[in-house]
Amino acid sequence: MDTVPFNLILFVVDVVLLWGLALWGNKRLWIVAVLIDLVAIKGVSYIFRFHYGQNVVDGVCFHFGPFLIISGIILYFHKRRITAWISAIPGLLLVILGIDCVFYEPYAITLEHYKIVSSKVDKPLRIVFVADTQTNTVGDYELKVFHLMNSQNADLILFGGDYIQVYGDSRKKVDMNSLYERFKGALAAEKFDAPLGEYAIQGNNDGNIRELFKDTGIQAVSGTKTIDLGPMVLTILSLGDSALSKYEKPWPKEFLKTDEEKGKFHVMVGHIPRFVTAESDADLMLAGHTHGGQIIVPFYGPITTGVGPSFPRKWAAGIHELPGGAHFIVTRGTGMERGWAPEIRLFCKPEISVIDIVPR
């Protein structure tokens, strides 16, 4: 998105409205100015709507917020003290909110530790799981994520889909081949060497993941496949199979272990977490896709999970136990939805999942 015209137009609107307030300092004029500024944000966002959601967020937090603060200062000196505070305090809160959700939280990567106790393992095993890197560039943040993953001494490393996301007209401004090469180079530079291997699955925003992970040392698997890793069994689900639920039959045979595999700890990984309700013999299920909701409303939770209305919002992130004793973990992911959605996180920091499976 070309932000220059968007910001210049809003800046001119802000200056004109504030100049009028500075001259007259009228409370009714302030109300009119507030409405005009909000309409301008909406209108200009619509005109430059390649990244419409982000335009609105930037306009509200970094134009309307300062506009309210300066309006408050102007009104204060015009002896409109109550209106001044009504203006300035929300303005300050909007600026703080914008700094948090645009500049801080999206890059405040956290290591989320989970512990599973099982009689099916005779020694501790560690899985590092990351999903939804969903980047349109490869910079310091992505390098930090990959380095943190590699520093956890994992026995098994899993990538949960949605690696690169470049929408619409922005593809004309991005060299996709170069972006793929930078992504591959960042992964290859880490020289991942987990004893049980490194695997990447297909997400709903991905193209050819075999090409994306070529020469990285990471095995890309786009179809449903079960792999015996020795101390555990790993089932990788295709994108379609990960979207199956208990209401959809028949389930793939890979959902159920063979007699030879039943004594081993069974890990199942898929991108869309709807499969956690399907019939399976998995002891631990891992999924991404939800981004943890990406925006958490206090006392309400995530606005959406991206999975569907039948999927409980409380399952958008974290570890949960099913009635049969199996556990599933939905990671908050490390990136953000792009394109139509604002690139923000609110009360939902990105996550690298570190899962320790220990003997009972």
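A residue is called buried when its relative accessible area is under 20%. By that criterion, buried residues make up 53% of the 360 residues in the protein chain of this predicted model. The secondary structure of the chain comprises eight helices and 14 strands. Along the principal axes, the C-alpha atoms fill a box of roughly 85 × 45 × 40 Å. The points below cover the strands, the salt bridges, the cysteines and a surface patch.

**Six-stranded sheet**

- Six strands form an open sheet with mixed pairing, in the order β6-β7-β8-β9-β13-β12.
- The edges of this sheet are β6, residues 225-228, and β12, residues 318-321, each of which pairs on one side only.
- With direction ignored, neighbouring strands of the sheet are turned by 20° against each other on average.
- At one edge, β6 pairs with β7 (residues 232-236) in the antiparallel sense, and four bridges connect the two strands.
- Within the structure, Thr226 stands opposite Thr235, the latter belonging to β7.

**Strand β2 and its partners**

- Strand β2 spans residues 125-130, and five of its six residues are buried, so the strand is largely enclosed by the rest of the structure.
- β2 pairs with β14 (residues 351-359) in the antiparallel sense, over five bridges.
- β2 also runs parallel to β3 (residues 156-159), to which four bridges join it.
- Ile127 has a partner in each of these two strands: Ile355 stands opposite Ile127 in β14, and Leu156 is the bridge partner of Ile127 in β3.
- As a general point, side chains in a regular strand alternate between the two faces of the sheet.

**Salt bridges**

- The structure holds eight salt bridges, three of which are described here individually.
- The side chains of Arg126 and Asp356 meet in a salt bridge with an N to O distance of 2.8 Å. This pair links distant parts of the chain, with Arg126 in strand β2 and Asp356 in strand β14, 230 residues apart.
- The antiparallel pairing of β2 with β14 is thus accompanied by a side-chain contact between residues of these strands, Arg126 and Asp356.
- Glu351 and Arg332 form a further salt bridge through their side chains, at 3.4 Å from N to O. Here Glu351 lies in strand β14 and Arg332 in the loop between β13 (327-330) and β14, and the two residues are 19 apart in the chain.
- Both members of this pair, Glu351 and Arg332, are buried.
- A network of salt bridges links Glu112, Arg332 and Glu351.
- Arg338 forms a salt bridge with Glu343, in which the closest N and O atoms are 2.8 Å apart.
- Arg338 counts as buried because its relative accessibility is 9%, and Glu343 counts as buried because its relative accessibility is 17%.

**Cysteines**

- How many disulfides does a search of the whole structure find? The search finds zero.
- Why does Cys61 form no bond with Cys101? The cysteine sulfur closest to that of Cys61 is in Cys101, at 5.0 Å, which is too far for a bond, since a disulfide requires the two sulfur atoms to be within 2.5 Å.
- Cys348 is likewise in no disulfide, and the nearest cysteine sulfur, again that of Cys101, is 12 Å away.
- Is Cys61 buried or exposed? Cys61 counts as buried, because its relative accessibility is 5%.
- Cys348 also counts as buried, because its relative accessibility is 3%.

**Nonpolar surface patch**

- Ile73, Tyr76, Phe77, Trp85, Ile89, Leu92, Leu93 and Ile96 form a nonpolar patch on the surface, and together they have about 870 Å² of accessible area.
- Which helices each supply at least two residues of the nonpolar patch? They are α3 (52-77) and α4 (81-104).
- The largest contribution comes from α4, which gives five residues to the patch.
- One of the patch residues is Leu93, which is found in helix α4.
- Leu93 counts as exposed because its relative accessible area is 53%, and the cut-off for exposed is over 50%.

Key: Residues are numbered from 1 along each chain as its sequence is written. This is a predicted model: local features need pLDDT of at least 70, side-chain atom pairs count only at pLDDT 80 or more; totals for chains, interfaces and linings use all residues. Side-chain values use heavy atoms; hydrogens and water are left out. Buried means under 20% relative accessible area, exposed over 50%, partly exposed in between (1.4 Å probe, protein chains only). Patches are made of residues with over 30% relative accessible area and no salt bridge: like charges are joined within 9 Å, nonpolar side chains (Val, Leu, Ile, Met, Phe, Trp, Tyr) within 5 Å. Accessible areas come from the Shrake-Rupley method with a 1.4 Å probe; for residues, only the protein chains shown count as cover. A salt bridge is a side-chain nitrogen of Lys or Arg within 4 Å of a carboxyl oxygen of Asp or Glu. Two strands pair if DSSP finds at least two bridges between them. Axes are lines fitted to C-alpha atoms, for helices over the stretch in contact, and angles run from 0 to 180 degrees between N-to-C directions.
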